[in-house]
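Please look through the structure shown here with an eye to its charged side chains and to one loop. The paragraphs that follow take these topics in turn.

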Amino acid sequence: QELHLASSGVADVIRSSYLYEMALLFQDSSKYGKCFTMMRNPIARSVDVFRKLKASSTNPVFQSMTLEEYVKSPFVEDNWMVRFLSNEMDGKL
């Protein structure tokens with residue numbers, strides 16, 4: 001915001017993973033921003049992570065683990081992107 005990127009016209013593109021903070025750049029500007037994103041289905045992504053762990057890990061815990069056990073285990077990924085887009089950074093997803 002200090003650089004006045006949105007209102008100055010200096011930048012044609014602003015890339016960031018901080019969606020909510022970037023929206024604030026246009027709060028006091030006559031310009032407007034456009035946003036796009038490409039994402040994988042978070043469930044499909046978690047299943048792929050599990051499969052990769054099961055196939056490549058030498059840890060015997062993963063070798064015998066089912067997908068349901070993985071989801072309920074402390075090893076399951078806490079998906080930062082899902083938390084960020086839902087603006088729920090704490091608590092259970």
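How many salt bridges does the structure hold? In this predicted model, the count comes to four salt bridges. As a general matter, side chains of opposite charge can pair when their charged atoms come close, and three pairs are followed here.

A good place to begin is the pair formed by Asp-48 and Arg-40, whose salt bridge brings the closest N and O atoms to 2.3 Å from each other. Asp-48 has a relative accessibility of 33% and is therefore classed as partly exposed, the limits of that class being 20% and 50%. Arg-40, with a relative accessible area of 49%, is likewise partly exposed, because a residue must be over 50% to count as exposed.

The next pair is made by Glu-77 and Arg-45, whose side chains meet in a salt bridge with an N to O distance of 2.6 Å. This salt bridge links distant parts of the chain, since Glu-77 sits in the loop between helix 5 and helix 6 while Arg-45 belongs to helix 3, which spans residues 42-56, and the two partners are 32 residues apart. The relative accessible area of Glu-77 is 31%, so this residue is partly exposed, and Arg-45, at 32% relative accessibility, also counts as partly exposed.

The loop that carries Glu-77 also holds Val-76, and its flanking elements are helix 5 (67-72) and helix 6 (80-86). Is Val-76 buried, partly exposed or exposed? Its relative accessibility is 29%, and Val-76 is therefore partly exposed. When neighbours within four places in sequence are set aside, Val-76 is in contact with Tyr-70 and Val-71. Between Val-76 and Val-47 there are 10.0 Å in space, taken from C-alpha to C-alpha, for a separation of 29 residues in sequence.

Moving on into helix 6, one finds Arg-83, which forms a salt bridge with Asp-78, the closest N and O atoms lying 2.7 Å apart. The side chains of Arg-83 and Asp-78 are also joined by a polar contact of 2.7 Å. Why does Arg-83 count as buried? The reason is that its relative accessible area is 7%, whereas the buried class takes in values under 20%.

Taken together, the charged partners can be read with their accessibility in mind: Arg-83 is buried, while Arg-40 is partly exposed and Arg-45 is partly exposed as well.

Conventions. Residues numbered from 1 in each chain as written. Predicted model: local features only at pLDDT ≥ 70, side-chain atom pairs only at ≥ 80, totals over all residues. Heavy atoms only, no water. Helix = DSSP H or I, 4+ residues; strand = E, 2+ residues; numbered from the N terminus. Buried < 20%, exposed > 50% of the residue type's maximum accessible area, 1.4 Å probe, protein only. Contact = heavy atoms within 4.5 Å. Polar contact = N/O pair within 3.5 Å; in protein donor to acceptor, adjacent residues only side chain to side chain.
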